[in-house]
Amino acid sequence: MEYEIRPKEKLNLGIAELWQYRELFYFFTWRDIKVKYKQTVLGFLWAILQPLIMTMLFSFSLGKIISNNTQLNMPYPLFALSGLIVWNIFSSGLSGAGNSMVTNSNIIKKIYFPRLIIPISAVLVSLFDFIMAFIIFIGMLIYYQTDIHILNFIIFFPLSILITCISTFGLGCWLAALNIKYRDFRYIIPFMIQGLLFLTPVIYPLSLISNLKIKYLLALNPMYSAVELSRYAVTTKPLDSNLMLVSVLSAILFFIIGVFYFRKTEAYFADLA
Amino acid sequence: MKPILEIQNISKKFRIQHETQPYLSLRDSIINTIKSPFQKTAGSKDEDFYALNNISFNIMPGESVGIIGKNGAGKSTLLKILSKITPPSSGKIISRGRIASLLEVGTGFHPELSGRENIFMNGSILGMRKKEILKNFDAIVDFAGVEKFIDTPLKHYSSGMQLRLAFAVAAFLENEILIIDEVLAVGDAEFQKKCMGKMEDVTHSGRTVLFVSHNMGIVTQLCSKGIYLERGIVKKEDSISNIIAQYLHSEDNASFINETKTQQKIDLLKVQTTNNNTELKSTFKVDEEIYIPFKLRINANNSGYSLMITITNLLKSPVFSAETIIDNEDIVLKINKHFLTEGQYNLSLRIHIPNKELVHHYEDLLTFSIIDLQSDFMIYNVNNYFYGSVFGNYEWL
């Protein structure tokens, strides 16, 4: 095996190298999941309780008003949960990935491995929480005796998760790289996530908004399409294909910008950390 | 046979930014851009600094090489480039084997995880495959001597146990090239002996080892070849004994010559550190005497002035001072052998009438180092246990 170490020249994703280090994904993800629930009494139950409590809170506070004013095609708790389980992947994945390079700076400074493994693992951790919460989601579908088309669900729900992962990972990488240079992002990230929750139709339907310009503006948010698709998987309530296209394109754009910015700057992380 | 490592014209440039913090804040960047939009970076007091300047050397398979040099010579930067943590600014390195770098033991250890889990975590960060870890698992636990606590969270381990576990994982790396930075022997005396034994096995097992240390004793024991770095360039590449001999004779900082033409009552012209053969040196062995000749100029018939020197250690604490009345333009101070312990020392100097008049005060005029190849305390230099700056003058009764 012969290889070279030289100044960084061309930009690529380094997929081959990531594959070589594939076991590290498992170890980083496994470590973070273990540490997350160590010394808690309820353990993995928290992954279920968090979205459940959020759903209850939103149902009590907003449920009535929203159900009375719009056509949801499903009970509000199910509406909120279907948005929240997807949203939670994004919010916990983004804060995990965004802070990952700083929290692991002691490792970055001392040993080499493809840096992308760290933010990817952070997103994988939030996917694990999602799988736990998914059980509740299925339970609620049964409780409300929702009439779903199985094929529709099998196609569009995973698609929604895929878009979530792409946008979480892209934005997460971008923020991780920025965070290691400008520590301001440690404070910006929580605000960003909180703000985006209100700009994404997670707890309210987009049909509440009538202004088309504002609708397009909100669709620039990559999570818009993910949340809408997760509901489409359950109700088959028709989607606005133009808005969806804008949102999916923006997810892909964020992914490309994020990953390439990360790859472009990663060589100097150890000097900055 | 082809070299296993070819280092070709490697340079590493750092930009020293005066006036800025270690990491940027977004506000600074924005404000700087607003203040001076046409400059690339504000302040423009940047200065390029070469930590490594166009260095080249080859390492053959199976060689164990000691990299020697003073603080700031570029050793750590070289290791960081070799372990791919930071890229070189120019040049390239061709490697024909898997490199494992141990710039620290226990990288990635997490206090909440058990000993068992940490072995897997640390091992895989160091580049071991899961099956390699499984194969060596029992040997690692045995070497560290932590069988009983293997499923206890690491935070309940003593610091000694943590270090032993960390070293044990590293000791079982199977990579062709090992890069080791001063981390090797840890723990109590018995475990240190075990570590040294393991390290000797490794160097004699046909693997290639690059080793950085200030401890000449250990370097001599483990390495066959030496590379001497000085201010970012390879000064010499030779057998380890020749390299150490030259390192001990290096004249770096061994003399201070006053070029400012001051005209005070008494001026300092020159200070040097030499051995008893008046040979300029800045590194001394523990059993060597240090001669420090001072050359002064007495400009008028002044009396009552004295020369006071203070030796400080790396922590900037004074170790001792010596004072004498100036009655001659040539004064020599001799520091007896077996007095200062291993480490780096600075010499500061005052010419004054005590508590009355200060003529000159020079801070950190000269720097010299003591290395310890034979004292009883030598073993403690390895794990950075600071046992004092001087050997005590005592007897056990």
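Here are some questions and answers about a predicted model with chains A and B.

Me: How far apart do the C-alpha centres of domain 1 and domain 2 of chain B lie?
Reply: Start with the domain assignment, which puts domain 1 of chain B at 5–248 and domain 2 at 255–381. Taking the C-alpha centres of those two domains, the separation comes out at 35 Å.

Me: In domain 2, which residue of E17(B) stands opposite B:Asn313?
Reply: Look at strand E14 (residues 306–313) of chain B, which runs antiparallel to strand E17 (residues 343–353) of chain B. The two strands are joined by 8 bridges. Opposite B:Asn313 in E17(B) you'll find B:Tyr345.

Me: E17(B) also pairs with E18(B), so which residue in the turn of that hairpin has a positive phi?
Reply: E18 covers residues 357–371 of chain B, and its antiparallel pairing with E17(B) takes in 10 bridges. Along that pairing, B:Leu349 faces B:Tyr362 in E18(B). The hairpin leaves 3 residues between the strands, and the one with a phi of about 60 degrees is B:Asn355.

Me: Are H3(B) and H4(B) parallel or oblique to each other?
Reply: Helix H3 (residues 115–125) and helix H4 (residues 130–144) of chain B pack with their axes 10 Å apart, at an angle of about 130 degrees. Angles over 145 degrees would count as roughly antiparallel, and 65 to 115 as roughly perpendicular. That's why H3(B) and H4(B) are oblique.

Me: What is the handedness of the crossing of H3(B) and H4(B), and how many charged residues does the contact have?
Reply: The crossing of these helices is right-handed. H3(B) brings B:Ile119, B:Phe120, B:Gly123 and B:Ser124 to the contact, while H4(B) brings B:Lys130, B:Ile133, B:Phe137 and B:Ile140. Sort them by class and you get 5 nonpolar, 2 polar and, for charged, 1.

Me: Moving on to the two chains, which element gives the most to the side of chain A that touches chain B?
Reply: The contact involves 29 residues of chain A and 35 residues of chain B. On the chain A side, strand E1 (3–5), helix H2 (22–37) and helix H12 (269–272) each supply at least two residues. With 6 residues, the top contributor is H2(A).

Me: How many residues of that side of chain A are charged?
Reply: Split the residues of chain A that touch chain B by class, and 15 are nonpolar. None are polar, and the charged count is 14.

Me: Which residue of E4(B) stands opposite A:Glu4?
Reply: E1(A) pairs across the chains with strand E4 (residues 90–95) of chain B. The pairing is antiparallel and has 3 bridges. Facing A:Glu4 in E4(B) is B:Ile94.

Key: Residues numbered from 1 in each chain as written. Chains lettered and ligands numbered in written order. Predicted model: local features only at pLDDT ≥ 70, side-chain atom pairs only at ≥ 80, totals over all residues. Domains from an automatic or database assignment. Pairing = 2+ DSSP bridges. Helix = DSSP H or I, 4+ residues; strand = E, 2+ residues; numbered from the N terminus. Contact = placed C-beta atoms within 7 Å. Nonpolar A, V, L, I, M, F, W, Y, C, P; charged D, E, K, R; others polar. Axes fitted to C-alpha atoms, helices over the stretch in contact; angles between N-to-C directions. Parallel < 35°, antiparallel > 145°, perpendicular 65-115°, else oblique. Left-handed = near helix turned anticlockwise from the far one by under 90°.
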